[in-house]
Amino acid sequence: MHGDTRDQSTPVAETLDAAVAESTGRMDSDTRTDPAMPSPRVSGAVRTGSSESHPPAAQPPTEQPSAAAPQPGAEEDRAAAPRRRTTTRRTTATASAATPKAGTGAGTAPRRTTAARTTAKTAAAKAPDAPARKPAAKSAAKPSSKTAARKTESDTVIGRIPVLDVSPLVDAGRRPAKAVAGETFLVTATVFREGHDAVNANVVLRDPRGRSGPLTPMRELAEGTDRWGAHVTPTAPGRWSYLVEAWSDPIATWRKTASIKLPAGIDTALVLEEGARLLEQAAAGVPKKEGRAHVLAAADSLRDPGLPPLSRLAAALAPEVLELLARYPLRELLSASRPLPLQVDRERALFGSWYEFFPRSEGAVVDPSGVEPPRSGTLRTAAERLPAVAAMGFDVVYLPPVHPIGRAFRKGPDNTLTAGPHDVGSPWAIGSPEGGHDSVHPDLGTIEDFDHFVTEARALHLEVALDFALQCSPDHPWVNKHPEWFNHRADGTIAYAENPPKKYQDIYPVNFDQDMDGIVKETVRLLRFWMSHGVRIFRVDNPHTKPVVFWETVLADIARTDPDVVFLAEAFTRPAMLHTLAKIGFHQSYTYFTWRNTKPELTEYLTELTGDAAAYMRPNFFANTPDILHEYLQHGGRAAFAIRAVLAATLSPSYGVYAGYELYENEPAHPGSEEYLHSEKYELRPRDWNRTDTLAPLLTVLNRLRRRHPALQQLRDLRFHPTDNDQVLAYSKTATTPEGLTDQVITVVNLDPHHVQEATVTLALPGHDMAGPLVVHDELTGAVYTWGRHNYVRLDPSAEPAHLLTVRRNPA
């Protein structure tokens with residue numbers, strides 16, 4: 001009956017080993033939610049009457065160690081679910097694995113505790129006539145005190161299969177993790193169980209309507225660590241959620257047992273019969289049209305006495321059977337983590353190329369002799385600059401404040417304390433008798449001229465970002481209307497802004513502690529005013545000098561009705577404030593990139609930004625700003641501008657430059673200063689845009705590549721590669737295109753703007769074993785190279801400061 005297994009053991013054993021490896025650690029997939037996709041069934045469920053309940057896994061239970069224990073987030077989960085036998089599902093986590101009844105080919109109901117049997121009877125009695133449940137949002141809005149108590153208690157409970165340390169996790173789940181539509185990110189968790197039986201896990205991603213997509217299989221990230229992970233991809237903006245389900249995998253356990261016992265001839269008949277029953281049990285969850293017959297045929301083969309044992313086993317390991325059981329796994333002792341919130345924003349919250357310029361300088365006329373008074377540019381003349389900005393491939397044009405500027409204590413050129421009669425002052429000293437934050441400076445035009453600027457920008461596929469600076473000049477209408485909004489000194493005067501030893505006599509900071517509600521209301525009104533005129537992006541000036549709770553309140557109010565509005569925090573401040581502002585609602589943040597110039601600095605900082613922080617904070621790498629001209633640009637010559645542009649555009653999905661960068665403007669106010677000489681913050685600065693010796697061609701190439709390559713639009717996919725020269729930095733980014741293709745970009749940069757540097761780059765790319773060569777195309781020069789694991793590079797900063805390589809293919 002057993003036949004001669006020795007002649008067949010070697011080839012079948014190889015097949016068996018591969019199947020066992022696959023079943024105990026399946027590779028994850030970048031899964032986009034599709035409610036039409038199938039859901040696996042749950043085994044080990046408590047029977048109600050004579051039939052076994054197999055609830056759809058797309059509506060997962062929460063973590064539940066016993067039938068009587070509460071479960072985290074249960075109210076939200078049940079409210080979002082369709083009508084079903086919820087109690088039956090929850091007892092799944094407490095049931096033991098089903099034990100087959102001899103000779104029947106079907107498993108008996110698992111053994112239950114008294115509490116489980118009682119709960120199951122209650123569910124069977126009530127579930128058929130249960131009323132339709134309310135949407136999750138309504139249920140979560142006003143939880144009862146009892147519900148809140150149950151949630152708090154259940155947060156301390158471990159499920160039958162422990163699911164621990166789910167990541168990403170922001171502030172213990174009190175705040176949402178972040179992504180943008182189409183962005184793929186990794187979900188991880190620690191999953192394990194007692195004994196030697198196999199476990200498995202998946203991620204459940206729920207859209208804003210509470211609908212679950214197909215389960216995304218997880219894999220153990222490193223053997224023996226119990227740390228599992230899978231990549232998921234939300235597809236549309238809104239408030240999503242995600243959780244991790246874990247279960248005992250009886251089929252994987254059986255395969256491992258069979259791999260040991262069958263080749264040794266141990267319990268052969270019993271092992272084959274147990275496998276047949278498990279396959280029959282699993283087949284019940286496979287739709288007929290999807291191939292249930294394949295699974296049942298494999299079960300029949302396991303019982304076929306006319307075949308040798310290992311041949312019978314081979315039928316159960318056929319590729320089509322393995323694929324079906326991967327899509328419709330048999331899941332026992334199902335446990336789940338609590339759902340975690342995920343805020344999904346539009347793409348611009350993560351990806352975009354920014355260009356900043358002062359509209360008053362565009363079209364301005366300045367007499368070098370000073371005989372004639374200067375004439376400011378207008379929003380109309382500034383609009384004439386937009387086609388050139390669009391031609392360079394930028395996505396966002398960012399304007400400093402366009403409001404009236406105060407005259408009291410107005411600053412002169414280069415921040416001098418005495419202003420002449422024709423000095424224009426700083427745009428950040430907002431407010432005059434002509435108006436405040438909701439007015440346009442008369443020299444720039446009218447609100448209709450602003451609308452024209454926005455319309456012209458949209459026609460060129462440019463978004464307009466407007467600076468929002470919550471401060472005012474001594475001439476601002478608020479000073480008389482709301483004196484309680486300011487700090488008063490002992491002599492009765494209003495305190496101006498100071499950062500000793502610096503003094504800003506032309507700016508009054510706001511005091512939020514006398515009338516926080518009033519300031520919130522006015523701030524929201526101002527933001528909505530500019531939103532009504534087409535602004536959907538705000539660059540917020542110095543948010544770290546205002547209370548965090550103020551911003552949390554304001555941003556929540558805007559997001560409630562206009563979730564597409566993006567806020568960039570100009571938070572050059574300490575890490576705690578920087579990270580907290582990101583968590584409470586700011587979509588992007590300025591960073592310390594300007595001051596990270598060496599290989600160790602860049603590697604360490606980017607590793608931080610693309611690690612855990614990427615779950616809530618998105619960087620925007622400005623290569624320069626009107627406030628910051630770093631010494632690297634001051635002393636590095638034109639090569640330094642090219643190097644920093646390449647780094648900013650390829651390391652971060654969002655980056656920006658301030659006008660004049662393409663003209664290599666690098667003269668400081670004085671040695672050791674980061675301020676520009678003849679700073680545009682205090683005077684008009686018309687430029688000669690007809691020059692041909694500019695960086696515009698490089699910026700155009702970089703922006704074109706960023707739009708063409710999804711890899712450069714991502715933050716979390718950065719990988720550094722070793723080089724044997726600290727002046728040469730190498731890194732790569734990888735992404736999957738909407739068509740399912742792999743997009744990879746390799747960047748190698750000479751960080752030394754003065755000297756030629758040579759190095760060997762050691763390459764290790766995801767998806768390539770590097771055993772053979774790769775064909776790579778240099779997008780900056782057009783050259784084509786054949787690369788392998790070790791690659792020699794020579795970079796001359798005056799001619800070729802970087803390689804920007806796209807991976808084409810493996811040569812035949």
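# A guided tour from Pro401 to Asp267

Select Pro401 to begin: with a relative accessibility of 7%, this residue counts as buried, because the cut-off for that class is under 20%. The model on display is a predicted one.

**Surroundings of Pro401**

Keep Pro401 selected and show the backbone on either side. The residue sits in the loop that runs between strand E16 (396-399) and helix H14 (447-459). Next, display the contacts of Pro401. When neighbours within four places in sequence are set aside, the residues in contact with Pro401 are Pro427, Trp428, Ile430 and Asp467. Then add Pro359 to the selection and draw a C-alpha to C-alpha distance. Pro359 and Pro401 are separated by 42 residues in sequence, and their C-alpha atoms lie 9.7 Å apart in space.

**The largest cavity**

Pro427, one of the contacts of Pro401, leads to the next stop. Select Pro427 together with Arg360, Ile405, His441 and Leu444: of the 15 residues that line the largest cavity, these lie nearest its centre. The space in this cavity is about 140 Å³. How is its lining divided by class? Ten of the lining residues are nonpolar, three are polar and two are charged. For the model as a whole, the count is four cavities of 30 Å³ or more.

**A cis peptide bond**

Move now to Ser167 and Pro168, and display the backbone atoms of both. The peptide bond joining Ser167 and Pro168 is cis, with omega at about 5°. As general background, most peptide bonds are trans. Pro168 belongs to the loop between strand E5 (163-167) and strand E6 (177-180).

**Two aspartates with positive phi**

Step back along the chain to Asp165, which is located in strand E5. Its phi is near 50°, a positive value in a residue other than glycine. Most residues other than glycine have a negative phi. Is Asp165 buried or exposed? Asp165 counts as exposed, because its relative accessibility is 56% and the class begins over 50%.

For the last stop, select Asp267. This residue is found in the loop between helix H7 (250-264) and helix H8 (268-283). Although Asp267 is not a glycine, its phi is positive, at about 50°. A relative accessible area of 40% places Asp267 in the partly exposed class, which lies between the buried and exposed cut-offs.

Terms used. Residues are numbered from 1 along each chain as its sequence is written. This is a predicted model: local features need pLDDT of at least 70, side-chain atom pairs count only at pLDDT 80 or more; totals for chains, interfaces and linings use all residues. Side-chain values use heavy atoms; hydrogens and water are left out. Helices (H or I, at least four residues) and strands (E, at least two) are DSSP runs, numbered from the N terminus. Buried means under 20% relative accessible area, exposed over 50%, partly exposed in between (1.4 Å probe, protein chains only). Contact means heavy atoms within 4.5 Å. On a 1 Å grid over the protein atoms alone, a cavity is a set of points where a 1.4 Å probe fits but cannot get out, and a pocket is an open set with protein on both sides within 12 Å along at least five of seven lines; lining residues have an atom within 4 Å of a point. Grid points are joined across faces, edges and corners, and a volume is the space filled by probe spheres set on the points. Ala, Val, Leu, Ile, Met, Phe, Trp, Tyr, Cys and Pro count as nonpolar, Asp, Glu, Lys and Arg as charged, and the others, Gly among them, as polar.
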